[in-house]
Amino acid sequence: MEPETIYEMLKKVQELKGYYFNKDKEITLGLIEALLFNKERYGYMSCPCRLASGNRTNDKDIVCPCVYRIKDVEEYGSCYCGLYVSKEWNEGLIEHERVPERRPVSRMIF
Amino acid sequence: MPPVKMYSLSTCRHCKDAKQLLNDCTINFDFIDVDLLKRKERNDILEEIKKFNPDCSFPTIIIGDKVIAGFKEKEIKEALGI
């Protein structure tokens, strides 16, 4: 499936939940492409900015949208990799800060 | 100029931004895309990263004796002295 198709498919659904794609479409499509690449090599859409173990059960917390998105968007207006953001983040109403890693390193099971 | 090394992921946008910054500043650096390594190599490298960055997040950038976890442009430039 093409990144653009996924973009259109997900956009409506996620916006209803209050999550918006990064307004920089190049970044968003790049991240969706990375998710597709991870789907191809691991079998699941593992977060592009975290190291996947290749075991879906181990990595269920970082399958996109990751479980950390809720708190990250609440606190920083953006998820860890910058794919999903808040409306305010996109409108420049809040500062674009780096989102620190919320995932405990103990979850990195190999 | 201090030696510069980066532990990165091939799919990570912040890692790409960090590589871009270093290239734009014509800084020579080594990087390892950890997600592209074989299991044994990867596990060895993860142990190495944890010594520098206990969170084991990416990118982890080593500039001389400074460790920068994440794409923090200001900190990177300061560590490079530019």
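The following questions and answers concern a predicted model containing chains A and B.

Me: In what order do the four strands of the open sheet in chain B lie?
Reply: The sheet is open and its pairing is mixed. Its edge strands are β2 (30–33) and β4 (66–69) of chain B, each of which pairs on one side only. Neighbouring strands are turned by 15° against each other on average, direction ignored. Read across the sheet, the order is β2-β1-β3-β4.

Me: Which residue of β3(B) is the bridge partner of Lys5(B)?
Reply: Strand β1 of chain B covers residues 4–8, and β3 of chain B covers residues 60–63. The two strands run antiparallel and are joined by four bridges. The partner of Lys5(B) in β3(B) is Ile62(B).

Me: At about what angle to β1(B) does helix α2 of chain B run?
Reply: Two helices of chain B can be placed against the sheet strands. Helix α1 (residues 13–24) lies across β1, β2 and β3 of chain B and runs at about 160° to β1(B). Helix α2 (residues 39–52) lies across β1, β2, β3 and β4 of chain B. Its angle to β1(B) is about 120°.

Me: Which three residues supply 33% of the area that chain B buries against chain A?
Reply: In the interface, 23 residues of chain B are in contact with 22 residues of chain A. The two chains bury about 1,600 Å² between them, with 58% of it on carbon and sulfur atoms. On the side of chain B, no other three residues supply more than Thr11(B), Arg13(B) and Arg42(B).

Me: Which side chains meet in a salt bridge at 2.8 Å between chain B and chain A?
Reply: Side chains of opposite charge can pair when their charged atoms come close. Across this interface the rule finds one salt bridge, while six residue pairs are in polar contact. The salt bridge, at 2.8 Å from N to O, is formed by Asp35(B) and Arg41(A).

Me: Which element gives the most residues to the side of chain B that touches chain A?
Reply: Both α1 and α2 of chain B supply at least two residues of that side. The greatest contribution is five residues. The residues of this side divide into ten nonpolar, six polar and seven charged. The element that gives the most is α2(B).

Me: How many residues apart are Lys25(A) and Glu4(A)?
Reply: The whole structure holds 17 salt bridges over all chains. In chain A, Lys25(A) forms one with Glu4(A), the closest N and O atoms being 2.8 Å apart. Lys25(A) belongs to helix α2 of chain A and Glu4(A) to helix α1 (residues 3–16) of chain A, and the pair links distant parts of the chain. Their separation is 21 residues.

Me: Where is the proline of the cis peptide bond that starts at Cys64(A)?
Reply: Most peptide bonds are trans. The bond from Cys64(A) to Pro65(A) is cis, with omega near -5°. Another cis bond joins Phe58(B) and Pro59(B), with omega about -5°, and Pro59(B) is in the loop between α2 and β3 of chain B. Pro65(A) is in the loop between α2 (25–42) and α3 (69–76) of chain A.

Me: What is the phi of Thr26(B)?
Reply: Most residues other than glycine have a negative phi. Thr26(B), in the loop between α1 and β2 of chain B, is not a glycine, yet its phi is positive. The value is about 50°.

Terms used
Residues numbered from 1 in each chain as written. Chains lettered and ligands numbered in written order. Predicted model: local features only at pLDDT ≥ 70, side-chain atom pairs only at ≥ 80, totals over all residues. Heavy atoms only, no water. Pairing = 2+ DSSP bridges. Axes fitted to C-alpha atoms, helices over the stretch in contact; angles between N-to-C directions. Contact = heavy atoms within 4.5 Å. Buried area = accessible area lost by both parts, 1.4 Å probe. Salt bridge = Lys/Arg side-chain N within 4 Å of Asp/Glu carboxyl O. Polar contact = N/O pair within 3.5 Å; in protein donor to acceptor, adjacent residues only side chain to side chain. Nonpolar A, V, L, I, M, F, W, Y, C, P; charged D, E, K, R; others polar.
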